[in-house]
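User: Please go through this structure with me. I want to know why each term is applied.

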Amino acid sequence: MHDIRLRNGARLRTILGGFVSNGFLNVNSHHHQAVDGSAIPAGWQASAWATDGTVEAIEPTVHGLDAIGVQWHPERLWLISDVGPLQPSATALLSLGWAK
């Protein structure tokens with residue numbers, strides 16, 4: 001678990017709403033690969049970073065594209081007792097691809 005900083009105005013920050021404290025959220029990230037912040041494709045932007053500067057989330061700048069990429073495991077957030085209340089937000093993230 002570690003903190004990530006969410007960009008003001010990011011869709012991800014809106015979805016996670018009240019769980020973001022002073023622009024930060026604690027997530028269950030444990031990975032050995034990451035998005036290269038200098039290689040984010042056109043039409044996408046970083047929307048969250050670890051405290052070491054690692055990109056933790058990206059989202060489109062193109063209106064109408066329902067997608068968010070995260071470097072943590074939202075499907076597992078409610079398995080951790082101290083973040084159990086995040087289940088609705090995790091479900092919202094997971095359902096982006098199916099919500100039409």
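Analyst: The terms are taken one by one, each with its cut-off.

User: How do you know how far to trust the model?

Analyst: This is a predicted model, in which local features need pLDDT of at least 70 and side-chain atom pairs count only at pLDDT 80 or more, while totals for chains, interfaces and linings use all residues. Residues are numbered from 1 along each chain as its sequence is written, and side-chain values use heavy atoms, with hydrogens and water left out. The chain has an average pLDDT (the predictor's confidence in each residue, from 0 to 100) of 77. A score of at least 70 is reached by 72% of the residues. Among the elements, strand β3 (residues 44–50) has the highest mean, 94, and helix α2 (residues 87–95) the lowest, 58.

User: What makes a stretch a helix or a strand, and how many of each are there?

Analyst: Both are DSSP runs numbered from the N terminus: H or I of at least four residues for a helix, E of at least two for a strand. By that rule the chain has two helices and five strands. Their pattern along the sequence is β-α-β-β-β-β-α.

User: What makes the strands a sheet, and in which order do they lie?

Analyst: Two strands pair if DSSP finds at least two bridges between them. Four bridges join β1 to β2, three join β1 to β3, and two join β4 to β5, so each of these counts meets the cut-off of at least two. The five strands form an open sheet in the order β2-β1-β3-β4-β5, with antiparallel pairing. Individual partners can be named: Arg-5 is opposite Phe-24 in β2, Ile-4 has Ala-50 in β3 as its bridge partner, and Ile-58 is opposite Gly-69 in β5.

User: Why are β2 and β5 called edge strands?

Analyst: β2 and β5 (69–70) each pair on one side only. Strand β2 (residues 24–27) also has two faces: Leu-25 and Val-27 are on the covered one, Phe-24 and Asn-26 on the uncovered one.

User: Why is Ser-47 called buried?

Analyst: Buried means under 20% relative accessible area, exposed over 50%, and partly exposed in between, with a 1.4 Å probe and protein chains only. Ser-47 has a relative accessible area of 0%, so it is buried. This residue lies in strand β3. Leaving aside neighbours within four places in sequence, its contacts (heavy atoms within 4.5 Å) include Arg-5, Leu-12, Ile-58 and Glu-59. In the chain of 100 residues, 33% are buried.

User: Why does Gly-23 count as buried too?

Analyst: Gly-23 has a relative accessible area of 5%, so it is buried. Gly-23 lies in the loop between α1 and β2. Not counting residues up to four places away in sequence, Gly-23 touches Ile-4, Arg-5, Leu-6 and Arg-13. From Gly-23 to Ile-4 there are 19 residues in sequence and 8.3 Å in space, C-alpha to C-alpha.

User: How do you know that Glu-59 and Arg-7 form a salt bridge?

Analyst: A salt bridge is a side-chain nitrogen of Lys or Arg within 4 Å of a carboxyl oxygen of Asp or Glu. For Glu-59 and Arg-7 the closest N and O atoms are 3.5 Å apart, so the pair qualifies. The two residues are 52 residues apart and link distant parts of the chain: Glu-59 is in strand β4 (residues 55–60), and Arg-7 in the loop between β1 (2–6) and α1 (11–16). Glu-59 has 5% relative accessibility, so it counts as buried. The structure holds one salt bridge.

User: What makes a group of residues a nonpolar core, and which residues form the largest?

Analyst: A nonpolar core is a set of buried Ala, Val, Leu, Ile, Met, Phe, Trp, Tyr and Cys residues joined through side-chain atoms within 4.5 Å. The largest has eleven residues, among them Ile-4, Leu-6, Val-20, Leu-25, Ala-48 and Trp-72. At least two residues of this core come from each of β1, α1 and β2. Ile-4 has contacts that include Leu-25, Val-27, Ala-48 and Trp-72, its neighbours within four places in sequence being left aside.
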